[in-house]
Amino acid sequence: MKFESIYITYDGICEPISESQILPLINSLSKNRKIILISLERKVKKKILNIVKNNKNILWFKYNYFSNKLVFLNFIILAYLNIKIFYLLKKHKIKIIHLRSLIPYISIMIPSLFYKVNIIYDMRGFWIQEKIDRYNWNKNSIVVKTLKKIEIHLLKKSKKIICLTENSIKILSSKYNLNINKFTKIPTTVDLNLFKKNQNIKNKLTNFCYLGTTKYAYDFNLLIKFFIKLKTNNISYNLFIISKDKINTNILKNIGEDNYKILDLEREDVIKKLNSIDFGIFFLKNNKSVAASYPTKIGEFMSMGIPIICNKFNTDFEKIFDKKNCFINYEQDSNILNVIDAIKSYKDNHKISSECISFAKEELNLENSNIKYKIIYDKILNE
């Protein structure tokens, strides 16, 4: 077999999100084709290194990822990659370049002018808008305006565009007059072989779990207000916050020191902990970028049979809320007494738990998403 495709990711495959989303995809795609993988890594995990090394169909070029004041060095690496990719295109019969998000496009801008390749733009969310909404980038700055022009060019040039939500597809196809057939919706998925409930633990108190970052897209203040209301209404509970973030415990003092626990867990230990959780909980902020959001934690909670308390953060989830009994809606102005009644109704409800697992199998199954990617690859390679 010859190398027919290059997969480029700015996020290292050793990152937790990439380990759950990118690595399984690369392994799946490489079962019947040879793939060149290019990534920027903060720290290479031995476990990941061995997985890739043992796969003879993957050729991995990894580069150091620099953060903070040295972040500009990443763009020098991406600029250099134009030379590297030029060489790879010349040496191999590359037909597909798969870009995970916008930034990797910098690495192929020059060689793509000289070689005809099919670009799969796996854009995930609205990356530029996320920087404006979550990192306070100036929308009128030269950097943002330049990046927008680059992305518009990439959207028009791409053979296929992967989005997380139907709403984002509608926005992009309408705004830039793009053929709807260029798009495929593939939300963040979960490995059902890993995230599965293997214990049925009945808790005296209700156990809530907040999983992942407490910053950027997420409204952690609304979460605190929610638990203050529970406490005011004499509802006893445990809140487990599983996060790598450094959390200021001062903001948690109003919910009571005995009511929460902050945990820094690796993936395997997260799965074990979720066996004892009754409800997942999170809230997203209301902004433009959230229209394209589909948090990974949704699949992880659902596959474990855990219903979620959250807000209707985009139109895709408004539809899901109306169809599925896997979620309890809570907004800033929601009646907390109605939510408390729903919590009592959902807790230890096997029917609700089964519906959550079914939703994960039907909509968020990693194997199904890998099949969708395989179909896209096969169609392009066989044209």
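Student: Which residues make the nonpolar surface patch of about 430 Å²?

Tutor: This is a predicted model. In it, a nonpolar patch of about 430 Å² lies on the surface. The residues that make this patch are L70, V71, F72, F75 and I76.

Student: Is I76 buried, partly exposed or exposed?

Tutor: I76 belongs to helix 3, which covers residues 72–91. Its relative accessibility is 48%. Buried means under 20% and exposed means over 50%, so I76 counts as partly exposed.

Student: Which strands stand at the edges of the open six-stranded sheet?

Tutor: The strand order is 10-9-8-11-12-13, and the pairing is parallel. An edge strand here has a single partner strand, so one of its sides is left without a neighbour in the sheet. The strands in this position are strand 10 (260–263) and strand 13 (327–329).

Student: By what angle are neighbouring strands of this sheet turned against each other on average?

Tutor: The angle is taken between neighbouring strands, with direction ignored. On average, the turn is 25°.

Student: Which residue of strand 11 stands opposite C209?

Tutor: Strand 8 (residues 206–211) and strand 11 (residues 279–281) run parallel and are joined by two bridges. Opposite C209 in strand 11 stands G280.

Student: What angle does the direction of helix 10 make with that of strand 8?

Tutor: Helix 10 (residues 296–303) packs on the sheet, where it touches strand 8, strand 11, strand 12 and strand 13. Between the directions of helix 10 and strand 8, the angle is about 150°.

Student: At what angle to strand 9 does helix 8 run?

Tutor: Helix 8 (residues 220–232) lies across strand 8, strand 9 (237–242), strand 11 and strand 12 (308–310). Relative to strand 9, helix 8 runs at about 165°.

Notes: Residues are numbered from 1 along each chain as its sequence is written. This is a predicted model: local features need pLDDT of at least 70, side-chain atom pairs count only at pLDDT 80 or more; totals for chains, interfaces and linings use all residues. Side-chain values use heavy atoms; hydrogens and water are left out. Patches are made of residues with over 30% relative accessible area and no salt bridge: like charges are joined within 9 Å, nonpolar side chains (Val, Leu, Ile, Met, Phe, Trp, Tyr) within 5 Å. Accessible areas come from the Shrake-Rupley method with a 1.4 Å probe; for residues, only the protein chains shown count as cover. A salt bridge is a side-chain nitrogen of Lys or Arg within 4 Å of a carboxyl oxygen of Asp or Glu. Helices (H or I, at least four residues) and strands (E, at least two) are DSSP runs, numbered from the N terminus. Buried means under 20% relative accessible area, exposed over 50%, partly exposed in between (1.4 Å probe, protein chains only). Two strands pair if DSSP finds at least two bridges between them. Axes are lines fitted to C-alpha atoms, for helices over the stretch in contact, and angles run from 0 to 180 degrees between N-to-C directions. Contact means heavy atoms within 4.5 Å.
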